[in-house]
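User: Could you take a close look at one part of this model for me, the helix packing? I'd like to know which helices meet, at what angles, and through which residues.

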Amino acid sequence: MQVLIGIIYHTIGGGFSGSFYMPFNKVKGWAWESFWIVGGLFSWLIVPPIAAYLTIPDFGAIIASADMNVKTLTFVFGLLWGIGGLTYGLGVRYLGMSLGNSVVLGFSSAFGALVPSIYYNFNPVKGKVSFTDMLGSSGGQLVLLGVFVCLIGIAISGKAGMMKEAELSEAEKKASVKEFSIVKGLIIAVISGILSAFFNYGIEAGKPLAEQAVVQGCNPLFQNNVTYVVLLWGGLTTNFLWCMYLNAKNKTFGDYTNTRTPILANVLFSATAGTMWFLQFFFYGMGESKLGNGASSWITHMATIILTANMWGLYLKEWSGVSAATYRTFITGIVVILISIVLVGIGNSL
């Protein structure tokens, strides 16, 4: 029953994540960096403390009294994840919902399972599985096989993107994805997928915060909400600096006060997208508290996001006009990635 409840929470969270980019499509007249940071302020600064306040008594005191090393590690991994989150937006921008999410989340799924184990190889912690342990166990070997299969799936998805680019005219590409660019998009998506996996370890690094919340009477279901506050400060830092740089470089600071655009509507759509983004991890934290296995939780969550994002991609007709062979290649890549996620999940449960 615990596992079933955990999967349900992950499915809900994955649905929010797979859909969060949609409100951004409604923003009109603003540059990417402008609506991204407005949404980000809700994702990483405004909504997380509200969620913590509603679910964890005196969460501020827990953060203030926590070991500085714990807070520093959690924040640093948030910084690294922040780069992944930032480039995720660019990856989807250049590849579209379907292909962008498949590549980014495929890499994130694979490395999300590996990064914690590699860390524990250099910093052994009782009860945690290191990379060496994985090599020496059937479960660990299955995880590594899943990672390899995942990379194959990503390669197939990339091939589908290249086939799409070769088949469609520039006008047709722009009709499905306005700024479609296979080379630029794939490079960014690979970087994003690897760095996005650091969110999973940020949760692991912040476990002492979550455990202290439970000690102080918090419902264990919501324990990760206090960790998110610190972790997302790191993500906010990265994204804020980059978006401010782009605002200055592109002279788009005027977006926020440009009365020729629907300012209120743009803020509301951006805020909705940002809140939906946070809700994915609100429910992810609930699922992780039930499954009790960070790596398996991460894999389950990523699988749901990939499925949801690709449903949206099909709905938005991002693959309309391609040949049957290209469409089959695209579907094959998705199936292979999902198979890899199953393999990694089974391996982590052994």
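Analyst: Helix α11 (residues 207-215) packs on α12 at an angle of about 145°, and the two axes are 7 Å apart. The model is a predicted one, so please read every value here as computed. The crossing of α11 past α12 is right-handed. On the α11 side, the residues involved are Lys 207, Leu 209, Ala 210 and Ala 213, and they meet Asn 224, Val 226, Thr 227 and Val 230 of α12. Sorted by class, this contact holds five nonpolar, two polar and one charged residues.

Helix α12 (residues 224-249) also packs against α4, here at an angle of about 45° with the axes 7 Å apart. Because of that angle, α4 counts as oblique to α12. This crossing is right-handed. From α4, the contact draws on Lys 71, Thr 74, Phe 75, Phe 77, Gly 78, Leu 79, Trp 81, Gly 82, Ile 83, Gly 85 and Leu 86. From α12, the participants include Thr 227 and Val 230, along with Leu 231, Leu 232, Trp 233, Gly 234, Gly 235 and Trp 242. In terms of class, there are eleven nonpolar, ten polar and one charged residues in the contact of α4 with α12.

Now for α4 itself. Its 28 residues (68-95) should span 40 Å at 1.5 Å a residue, and the C-alpha atoms at its ends are 40 Å apart, so the two values agree. At the N-terminal end, Asp 67 acts as a cap for α4, with a side-chain oxygen 2.7 Å from the backbone nitrogen of Asn 69.

Helix α4 has another partner in α2 (residues 32-55): their axes come within 12 Å and cross at roughly 135°. That angle is why α2 counts as oblique to α4. Again the crossing is right-handed. Three tryptophans of α2, Trp 32, Trp 36 and Trp 44, make this contact with Trp 81, Gly 85, Leu 86, Tyr 88, Gly 89, Leu 90 and Arg 93 of α4. By class, that gives seven nonpolar, two polar and one charged residues.

Technical notes:
Residues are numbered from 1 along each chain as its sequence is written. This is a predicted model: local features need pLDDT of at least 70, side-chain atom pairs count only at pLDDT 80 or more; totals for chains, interfaces and linings use all residues. Side-chain values use heavy atoms; hydrogens and water are left out. Helices (H or I, at least four residues) and strands (E, at least two) are DSSP runs, numbered from the N terminus. The expected span of a helix is 1.5 Å times one less than its number of residues. A polar contact is a pair of N or O atoms within 3.5 Å; within protein, one must be able to donate a hydrogen and the other to accept it, and residues adjacent in sequence count only if both atoms are side-chain atoms. Axes are lines fitted to C-alpha atoms, for helices over the stretch in contact, and angles run from 0 to 180 degrees between N-to-C directions. Angles under 35 degrees count as roughly parallel, over 145 as roughly antiparallel, 65 to 115 as roughly perpendicular and the rest as oblique. A crossing is left-handed if the near helix is turned anticlockwise from the far one by less than a right angle, and right-handed if clockwise. Contact means heavy atoms within 4.5 Å. Ala, Val, Leu, Ile, Met, Phe, Trp, Tyr, Cys and Pro count as nonpolar, Asp, Glu, Lys and Arg as charged, and the others, Gly among them, as polar.
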